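Hi,

Here is the structure I said I would pass on. Have a look at it first, and my notes follow underneath.

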Amino acid sequence: MTRLFFFYGTLRQDIAQGLPARLVEGFEPLGPATTRGRLFVRRDLGGVYPVLRSGHGAQVTGMAYRVHHLARATLRTMDLYEGAVPGGEYARRTIAVQLAGGAACRTEAYVENGRSRPGLALIGHGDFARYLKETGLRPFTA
């Protein structure tokens, strides 16, 4: 079964290192994409990572990917890595995304689970890759 994903943070292939890079190996990049929402950053001992509040606010920039055969074990590991577990920081949801060429599609993405947590700083321009370049901070790695 083919699945589409929107990654805006540490699972983006141009940012991913360590475990995240291994998780998205073989995902086919469809190109730059955007979604509506607000992007925040959280600092952690392992680096910084973004948090997407989907559906309202400005534009969030990321990459869309297609994967034809995603093993259940890989999806479970992605969910665990992202904290998309009961009571976790994220949930894997289907969201509306616009590809760079203008086509709209629905993809899976890891978004904030609805429980706002302290310690988040807004990334006003909505682009985590750009934020990393501007700040010199390193992305979270597992």
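Start with Y110: apart from its neighbours within four places in sequence, Y110 is in contact with F7, Y8, L11, L52, L75, M78, D79, E82, A84, Y90, A91 and R92. Keep in mind that this is a predicted model, so please read everything below as computed from it.

Y110 also turns up in the largest nonpolar core, which has 41 residues. Along with F5, F7, L11, F27, M78 and F128, Y110 is among the members that touch the most other members of that core. Which elements supply at least two residues each? On the strand side they are strand 1 (3–7), strand 2 (28–44), strand 3 (47–54), strand 4 (58–67), strand 5 (90–99) and strand 6 (104–112), and helix 2 (72–82) and helix 3 (128–135) do so as well. Strand 4 gives the largest share, with 5 residues.

Now for the chain as a whole. There are 3 helices and 7 strands in it, and from the N terminus on the order is β-α-β-β-β-α-β-β-β-α. The radius of gyration is 14 Å, close to the 14 Å that the globule rule gives for 142 residues, so the chain is as compact as a globular protein of that length. If you want a feel for the dimensions, the C-alpha atoms fill a box of roughly 40 × 35 × 30 Å along the principal axes.

A few more numbers on how the chain is put together. Of its 142 residues, 49% count as buried. If you take the contacts with a separation of 6 or more, 68% of them are between residues 24 or more positions apart. On the outside, the chain exposes about 7200 Å², and carbon and sulfur atoms supply 52% of that. As for charge, there are 19 positive and 11 negative charges, and their mean positions are 4 Å apart.

One last residue to click on is G126, in the loop between strand 7 (120–123) and helix 3. Is G126 buried or exposed? Its relative accessibility is 1%, and buried means under 20%, so G126 counts as buried. Leaving out neighbours within four places in sequence, G126 is in contact with L39, Q59, V60 and T61. If you go back to E82, one of the contacts of Y110, you will find that G126 and E82 are 44 residues apart in sequence and 19 Å apart in space, C-alpha to C-alpha.

Cheers

Conventions: Residues are numbered from 1 along each chain as its sequence is written. This is a predicted model: local features need pLDDT of at least 70, side-chain atom pairs count only at pLDDT 80 or more; totals for chains, interfaces and linings use all residues. Side-chain values use heavy atoms; hydrogens and water are left out. A nonpolar core is a set of buried Ala, Val, Leu, Ile, Met, Phe, Trp, Tyr and Cys residues joined through side-chain atoms within 4.5 Å. Buried means under 20% relative accessible area, exposed over 50%, partly exposed in between (1.4 Å probe, protein chains only). Helices (H or I, at least four residues) and strands (E, at least two) are DSSP runs, numbered from the N terminus. Contact means heavy atoms within 4.5 Å. The radius of gyration is taken over C-alpha atoms; the globule rule is 2.2 Å times the number of residues to the power 0.38. Accessible areas come from the Shrake-Rupley method with a 1.4 Å probe; for residues, only the protein chains shown count as cover. Lys and Arg count as positive and Asp and Glu as negative; His and the chain ends are not counted. The place of a charge is taken as NZ of Lys, CZ of Arg, CG of Asp or CD of Glu.
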